[in-house]
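Biologist: I am new to this structure and would like a close look at a single part of it. Could you take me carefully through the salt bridges and the residues that form them?

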Amino acid sequence: MSTIGNSDACLQVQYTCEPEELPGGEVRPRCFPIPRIFRICPDRPAVEITKLIKIDLKTGEIEMPDESSSLLPKGKHWRDIRRYDLEAEVGSSN
């Protein structure tokens with residue numbers, strides 16, 4: 001974890017894969033990494049900041065713009081997220 005001001009930054013790597021056909025006709029997955037960086041503040045939910053930061057590829061140091069706090073979306077704790085069944089809502093209006 002890296003530190004950004006009073007908060008920490010956490011790197012998470014996810015992968016996207018697509019089928020690739022080999023010369024012999026076999027198909028195998030070809031995967032590409034997608035790095036995602038999250039800002040973790042005490043007593044607040046983590047918020048993804050991947051698009052807001054600059055990374056020094058030589059040192060790995062993360063630079064966060066000063067105005068980043070005003071640019072960050074509001075995060076919610078997982079326990080506060082609600083999922084609604086849109087089909088049930090559409091079906092009930094008929």
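Modeller: **The salt bridges around one glutamate**

Glu20 has a relative accessibility of 22% and therefore counts as partly exposed, in what is, it should be said early, a predicted model. Glu20 belongs to strand β2 (residues 7-21), while Arg30, 10 residues apart from Glu20, belongs to strand β3 (residues 27-40), so that the pair links distant parts of the chain. The two form a salt bridge in which the closest N and O atoms are 3.5 Å apart, and Arg30, at 40% relative accessibility, is partly exposed.

The side chain of Glu20 also meets that of Arg28 in a salt bridge, at 3.3 Å from N to O, and Arg28 is likewise partly exposed, with a relative accessible area of 44%. As background, side chains of opposite charge can pair when their charged atoms come close.

The structure holds 3 salt bridges, and one of them joins Glu48 and Arg36, with the closest N and O atoms 2.6 Å apart. Because Glu48 lies in strand β4 (residues 47-48) and Arg36 in strand β3, this pair ties together parts that are 12 residues apart in sequence. Glu48 is partly exposed, with a relative accessible area of 33%, and Arg36 is partly exposed as well, its relative accessible area being 21%. Returning to the glutamate we began with, salt bridges that share partners join Glu20, Arg28 and Arg30 into one network.

Conventions:
Residues numbered from 1 in each chain as written. Predicted model: local features only at pLDDT ≥ 70, side-chain atom pairs only at ≥ 80, totals over all residues. Heavy atoms only, no water. Salt bridge = Lys/Arg side-chain N within 4 Å of Asp/Glu carboxyl O. Buried < 20%, exposed > 50% of the residue type's maximum accessible area, 1.4 Å probe, protein only. Helix = DSSP H or I, 4+ residues; strand = E, 2+ residues; numbered from the N terminus.
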